[in-house]
Amino acid sequence: IFNAISDIYFRLDNQGIITEISPSVKQVAGYEPAEIIGKPVDDFMAFDVGWDKAGRVFSRWGRIDDLDIMIKTKDGRKIHCSLNAHVLTNAEKKHDGFEGSLRDISGRVKAEQELKKANESKDKILSIIGHDLMGPIGTQKATLDMISDEIDEFSKEEMAQLLKTMRPSMDATFTMIENLLSWARIM
């Protein structure tokens, strides 16, 4: 199982030195296990803080679940990984290091970033559409409010003229909405 898992399994001593790592580190980060064992975890994992502080946080909480961190690959790239780890204790219940796994979540992070961009574009388009519809609909509403509030003040001919002036705007708004609905069905 140790040789077959796709996630990176690792063990660290109390000083943050890597004491064991699964062969999957080659597939995920490009390193042979021998290149990593005996080295400080800081050389490979990009914590927001140094190992001294990260190790104290691990010790205090006892475990870390699904923490998004960056690891450095052999070719110099940084990839997003999900870190799950816990404190190891010996037979005397004393702190004896850390054990955990790293899962490459770069694909998920990239998909989330693309989704965020798509949502921003959608929001921008909806804002523009809303603005483009508010003008003509606002004018039509104001005209109808004026007619309904002062219906006794207008002659039949004046009302007919006001309604005729609204027609091109109503037709254009209706066409815009039809086009938007057609476009939405295509998407």
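## Exercises: a cavity, a core and a long chain

About 100 Å³ of space lies in the largest cavity of this predicted model. Let's work around that empty spot and then move outwards.

**Exercise 1. Find out which residues line the largest cavity and what class they belong to.**

Step 1: how many cavities are there? Searching the whole structure for cavities of 30 Å³ or more turns up one.

Step 2: look at the wall. The lining has 14 residues, and Ile-21, Val-25, Ile-36, Phe-44 and Leu-102 are the closest to the cavity's centre.

Step 3: sort the lining by class. You get 13 nonpolar residues, one charged residue and no polar ones.

Step 4: ask which elements supply the wall. S1, S2, H1 and S4 each give at least two lining residues.

**Exercise 2. Describe the largest nonpolar core and follow one of its residues, Leu-102.**

Step 1: pick out the busiest members. The core holds 24 residues, and those touching the most other members are Phe-10, Ile-71, Leu-83 and Leu-102.

Step 2: see where the core comes from. Two or more residues each come from strands S1 (8–12), S2 (18–21), S4 (63–72), S5 (78–89) and S6 (95–104), and from helix H1 (25–29). S5 gives the largest share, with five residues.

Step 3: zoom in on Leu-102. Leaving out residues up to four places away in sequence, Leu-102 touches nine others by name: Asp-7, Ile-8, Phe-10, Met-45, Ile-69, Ile-71, Cys-81, Ser-82 and Leu-83. Leu-102 also turned up in Exercise 1, among the residues closest to the cavity's centre.

**Exercise 3. Work out how the chain compares with a compact globule.**

Step 1: list the parts. There are five helices and six strands, and from the N terminus they run β-β-α-α-β-α-β-β-β-α-α.

Step 2: check the radius of gyration. For 187 residues, a compact globule would come out near 16 Å, but this chain has 32 Å.

Step 3: check the box. Along the principal axes, the C-alpha atoms fill roughly 100 × 35 × 25 Å.

Step 4: check burial. Of the 187 residues, 27% are buried.

**Exercise 4. Is Leu-163 buried, partly exposed or exposed?**

Step 1: place the residue. Leu-163 sits in helix H5, residues 156–186.

Step 2: use the cut-offs. Buried is under 20% relative accessible area and exposed is over 50%. Leu-163 has 46%, so Leu-163 counts as partly exposed.

Step 3: find its partners. Not counting residues up to four places away in sequence, Leu-163 touches Leu-144 and Ile-147.

Step 4: try a distance. Leu-163 and Ser-101 are 62 residues apart in sequence, and their C-alpha atoms are 71 Å apart in space.

Notes: Residues numbered from 1 in each chain as written. Predicted model: local features only at pLDDT ≥ 70, side-chain atom pairs only at ≥ 80, totals over all residues. Heavy atoms only, no water. Core = buried A, V, L, I, M, F, W, Y, C linked by side-chain atoms within 4.5 Å. Buried < 20%, exposed > 50% of the residue type's maximum accessible area, 1.4 Å probe, protein only. Helix = DSSP H or I, 4+ residues; strand = E, 2+ residues; numbered from the N terminus. Contact = heavy atoms within 4.5 Å. 1 Å grid on protein atoms, 1.4 Å probe; cavity = no way out; pocket = protein on both sides within 12 Å on 5 of 7 lines; lining within 4 Å. Points joined across faces, edges and corners; volume = space filled by probe spheres on them. Nonpolar A, V, L, I, M, F, W, Y, C, P; charged D, E, K, R; others polar. Rg over C-alpha atoms; globule rule 2.2 N^0.38 Å.
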